[in-house]
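Biologist: I'm new to this one, so could you walk me through it? I'd like to hear the reasoning behind each label.

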There are 2 protein chains.
Amino acid sequence: MDWLNHLPLFSLGCILNDMMNKHDMNHGSHSIGRLIFQLQRLERNPRTFGEAGTLTPSEIHAVDAIGEDGNVLMSQLAERLGVTKGAITQVIRRLEKKGIVFRGEHPEDSRAVLISLTDRGKTAYQAHLKLHQQFYQQLQEQLSPHEITIFEKCIKIFTGLLAEKNE
Amino acid sequence: MDWLNHLPLFSLGCILNDMMNKHDMNHGSHSIGRLIFQLQRLERNPRTFGEAGTLTPSEIHAVDAIGEDGNVLMSQLAERLGVTKGAITQVIRRLEKKGIVFRGEHPEDSRAVLISLTDRGKTAYQAHLKLHQQFYQQLQEQLSPHEITIFEKCIKIFTGLLAEKNE
DNA sequence: CCTATATAGTTTAGATACTATACTTTTTGT
DNA sequence: ACAAAAAGTATAGTATCTAAACTATATAGG
C-alpha cells in the first residue's frame, strides 16, 4: 500500500494499461489504473495502530524497518528505507516524542545511535503485522500456488526493467 | 540483503513478502520488496520530457490526465487524479507558468475552466507516451500472453481487497 | 603518534505535494 | 426569486524529503 503513496500514473499505471489493452481490451484494460488509485488512497492518511496511537505512513514505515529486535543504526535505517540520513533523523525525532522508539548507545562507537522500539512501539509493530497477515490470508483464499508463481515472475521482470530505468 | 526483510513498506510489501515466503522461500521472497523500492525511487525525481523541459511527477501526471484532446474541467482533473480541487489549482498554475497548459473558457458556464495542453505540453505528453511504449515492448518480450492473463487476474484480486479496506 | 580522511549523525532551508477551510462567482432547482 | 449546489481560487498548515553545511568520533597511513 505504501508503494504508491506518490505513485501517480506517472509511468506504471499507463504502461500496464497499455499492456492490458493490447492483451485484452475487454477484461483488463483498467485493472492497473484502479490498483494504483486504490493504493494511493489507502496510504495517504495516518492510521491508528493499536494503543500506540496514530502514525503517519512514513512513521509506521520506520517502525517496520526497525523491527522488534531493534538496535538499528540511523544509517542502516536510511539504507533500508531508501532515504537520506537527514530524513531518518527527522522521523526518529517524531517517533521518540511519541514514545514509539528510543535511542540507545553503541557499545563501541560513541558516534553511533542504536534505535529500538519501546513497548508502545512494539504494539504498533504487532498491530501492523496483524494487518498484513489478515490481508495475506484473504489473498491466499483467492490465488492458487500456480498463480502466485506467475505473479512473482511478472513482478520480478517488472522490477528488473524499473531498476534499469532508475540507474 | 538483510534490509529487504524489513523493507520500507507499510503493508503491501510485507504482505506479499509473506505470501512469497510461504509459497517459495528460495525464489521470490524479496521480489515485492525490490519492486516497491524501485517504484519509490522512480517517482521521487523530476524528469525531462522532450523539449518541454523538466516536469515533476505530479506535473507529468496532470499532463497525462489532461490528454491530447484537452478541454478538461478542473473538477474532472481532481477526480481523475484522486485529489482535491485545490491541489489541481496549484499544479495547473505551475504548468501554466511553464507553458505546458492553457486555460480556456467554457461556452456555457462562465465559472468553469477548460484545461488543454499547449503544443509544448503535447510534446511532453508524447515523450511520456513513448516511454510507456518502450517499457511495454520490453515487458512483452519477457512475458507470455498466459502470464499476462494471470498477472492481470492477480492484480484485480489485489485491487478488490484494497478497495474493501479503503471504503 | 599524528594527521588526513572517512563515517555517524544533526541541523536547517527549501522543494514538493497534498489537505482543509473559507471564500467568490455562477448556475440550478423549486 | 432565492436558497442551495457547483466551479474554481486562495491560503495556511502538514508531511515528507533533499542538499549542504556542520559536529564529533573513528581509523588508517606515514
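Biologist: Why does Arg103(B) count as partly exposed?

Modeller: Keep in mind that this is a predicted model. Arg103(B) has 36% relative accessibility. Buried means under 20% and exposed means over 50%, so Arg103(B) counts as partly exposed at 36%.

Biologist: What makes the pair Glu96(B) and Arg103(B) a salt bridge?

Modeller: The closest N and O atoms of Glu96(B) and Arg103(B) are 2.8 Å apart. The cut-off is 4 Å between a side-chain nitrogen of Lys or Arg and a carboxyl oxygen of Asp or Glu, so the pair qualifies. Glu96(B) is partly exposed as well, with 34% relative accessibility.

Biologist: And in chain A, how do you know that Arg103(A) and Glu96(A) meet in a salt bridge?

Modeller: Their N to O distance is 2.9 Å, and the limit is 4 Å, so that pair passes too. Arg103(A) counts as partly exposed at 34%, and Glu96(A) has a relative accessible area of 33%, so the label is again partly exposed. Over all chains, the structure holds 12 salt bridges.

Biologist: Why is Glu59(B) called buried?

Modeller: Its relative accessible area is 1%. Buried means under 20%, so Glu59(B) belongs in that class. Glu59(B) forms a salt bridge with Arg94(B), with the closest N and O atoms 2.9 Å apart. Arg94(B) lies in helix H6 of chain B and Glu59(B) in helix H4 of chain B, so the pair ties together parts that are 35 residues apart in sequence. Arg94(B) itself is partly exposed, at 37% relative accessibility. Over in chain A, Glu59(A), Arg94(A) and Lys98(A) are linked in a network of salt bridges.

Biologist: Asp64(B) is buried too, so why is no salt bridge assigned to Asp64(B)?

Modeller: The nearest side chain of opposite charge, Arg80(B), is 8.8 Å away. A salt bridge needs a distance within 4 Å, so Asp64(B) has none. Asp64(B) does share a polar contact of 3.5 Å with the side chain of His128(B). His128(B) is among the buried residues of H7(B), which also include Tyr125(B) and His132(B).

Biologist: How do you know that the span of H7(B) is close to what is expected?

Modeller: Helix H7 of chain B, residues 119–142, has 24 residues and reaches 35 Å from its first C-alpha to its last. At 1.5 Å a residue, 34 Å is expected, and the two values are close.

Biologist: Now the DNA. What makes the side chain of Thr56(B) a polar contact of DNA strand C?

Modeller: A polar side-chain atom of Thr56(B) lies 2.7 Å from a phosphate oxygen of that strand. The limit is 3.5 Å, so the pair counts. Thr89(A) also has a polar side-chain atom 2.9 Å from a phosphate oxygen of DNA strand C. Arg111(B) goes for a base instead: an N or O atom in its side chain is 3.1 Å from a base oxygen of DNA strand C.

Biologist: And which residues are closest to DNA strand D?

Modeller: 24 residues surround DNA strand D, and the closest are Arg94(A), Lys85(B), Arg103(B), Arg111(B) and Val113(B). Sugar and phosphate account for 65% of the strand's atoms that come within 4 Å of the protein. H6(B) gives the largest share of the surface near DNA strand D, four residues.

Conventions: Residues are numbered from 1 along each chain as its sequence is written. Chains are lettered from A and ligands numbered from 1 in the order in which they are written. This is a predicted model: local features need pLDDT of at least 70, side-chain atom pairs count only at pLDDT 80 or more; totals for chains, interfaces and linings use all residues. Side-chain values use heavy atoms; hydrogens and water are left out. A residue is near a molecule or strand if one of its heavy atoms lies within 4 Å of it. Helices (H or I, at least four residues) and strands (E, at least two) are DSSP runs, numbered from the N terminus. Buried means under 20% relative accessible area, exposed over 50%, partly exposed in between (1.4 Å probe, protein chains only). Lys and Arg count as positive and Asp and Glu as negative; His and the chain ends are not counted. A polar contact is a pair of N or O atoms within 3.5 Å; within protein, one must be able to donate a hydrogen and the other to accept it, and residues adjacent in sequence count only if both atoms are side-chain atoms. The expected span of a helix is 1.5 Å times one less than its number of residues.
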